[in-house]
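The following paragraphs trace how the strands of this structure are put together. Please keep the sequence and the model at hand while reading.

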Amino acid sequence: MIQIGVEAPGETGAREMLLDRTMGPDRHLKTSERLRENRLPASGLALVARDGDAIVGSVRLWNVSAGGRDALLLGPLAVAPERQGEGLGGKLMRAALNRAAMFGHGAVILVGDAEYYARFGFSAEATRSLMMPGPVDRARFLALELRDGALSGAAGMLVATGDWSVPPLAGPDFPTVASPSGLDLADASR
């Protein structure tokens, strides 16, 4: 029997293997990946479908700013090849969208098959003034407002806003810190 629940920390390897099997080795080259790199999924919004101990499906949502509006980026959604056609993708989507709404999020954005995602209410209308940090097929750049007007007037680039999984070595989120000896720890070349 399939159970959908929050991904446990020990399931990372199984989820990565599932994504490799379903999406192939080039999955990290996608534009959406630029918004997920070195970030943690939105709290409580990394879900898996389990058949016993086996991970047979996965979906994650990520915090982003959509032209200055808080939103979520959905992806990737994956179902084990041998389990496709059983409705697991739809169950994962409904669970993810319900949890996102329950947690008070206003909108979900994704890049995917417009025909498939239309059944959940996604369309390209709300993304017409938004941009991705790389090439994207505009017909596949979709959004769903969980709260009316959540993306109204949103324009500009999507920007990752989620917590870091691996902090960058330097940047605006990491100010220079002086060591007790007075050396600048951000610049070890001195």
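Q3 stands opposite R50, a residue of strand 2. The model is a predicted one, and this pair offers a convenient point of entry. Strand 1, residues 2–6, runs antiparallel to strand 2 and is joined to it by 5 bridges. Strand 2 itself, which spans residues 46–51, is mostly covered, with 5 of its 6 residues buried.

R50 also leads onward, for its bridge partner in strand 3 is I55. Next in this register comes D51, whose partner in strand 3 is A54. In total, 6 bridges pair strand 2 with strand 3 in the antiparallel sense. The two strands form a hairpin with 2 residues between them, and there G52 adopts a positive phi near 70°.

How much of strand 3 is buried? Of its 13 residues, numbered 54–66, 11 are buried, so the strand is largely enclosed by the rest of the structure. The cut-off behind this statement is a relative accessible area under 20%. As a general point, side chains in a regular strand alternate between the two faces of the sheet.

Strand 3 has further partners beyond strand 2. Strand 4, residues 69–74, runs antiparallel to strand 3, and 6 bridges join the two. Within this pairing, W62 has L73 of strand 4 as its bridge partner. Strand 3 and strand 4 likewise form a hairpin, with 2 residues between them, and G67 in the turn has a positive phi of about 60°.

Strand 5, residues 78–79, is also antiparallel to strand 3, to which it is joined by 2 bridges. Here the partner of G57 is V79 in strand 5. Strand 9, residues 156–160, pairs with strand 3 in the antiparallel sense over 3 bridges. In that pairing V64 is matched with A160 of strand 9.

The path now turns from strand pairing to the surface. Which residues make the nonpolar surface patch of about 250 Å²? The patch is made by M131, M157 and V159. M131 belongs to strand 7, which covers residues 130–131. With a relative accessible area of 42%, M131 is partly exposed, because its value falls between the limits of 20% for buried and 50% for exposed residues.

To review the route, strand 1 is joined to strand 2 by 5 bridges, and strand 2 is paired with strand 3 over 6 bridges. Strand 3, in turn, is largely enclosed by the rest of the structure.

Notes: Residues numbered from 1 in each chain as written. Predicted model: local features only at pLDDT ≥ 70, side-chain atom pairs only at ≥ 80, totals over all residues. Heavy atoms only, no water. Buried < 20%, exposed > 50% of the residue type's maximum accessible area, 1.4 Å probe, protein only. Helix = DSSP H or I, 4+ residues; strand = E, 2+ residues; numbered from the N terminus. Pairing = 2+ DSSP bridges. Patch = residues over 30% accessible without salt bridge, like charges linked within 9 Å, V, L, I, M, F, W, Y side chains within 5 Å. Areas by Shrake-Rupley, 256 points an atom, 1.4 Å probe, with all protein chains shown as cover. Salt bridge = Lys/Arg side-chain N within 4 Å of Asp/Glu carboxyl O.
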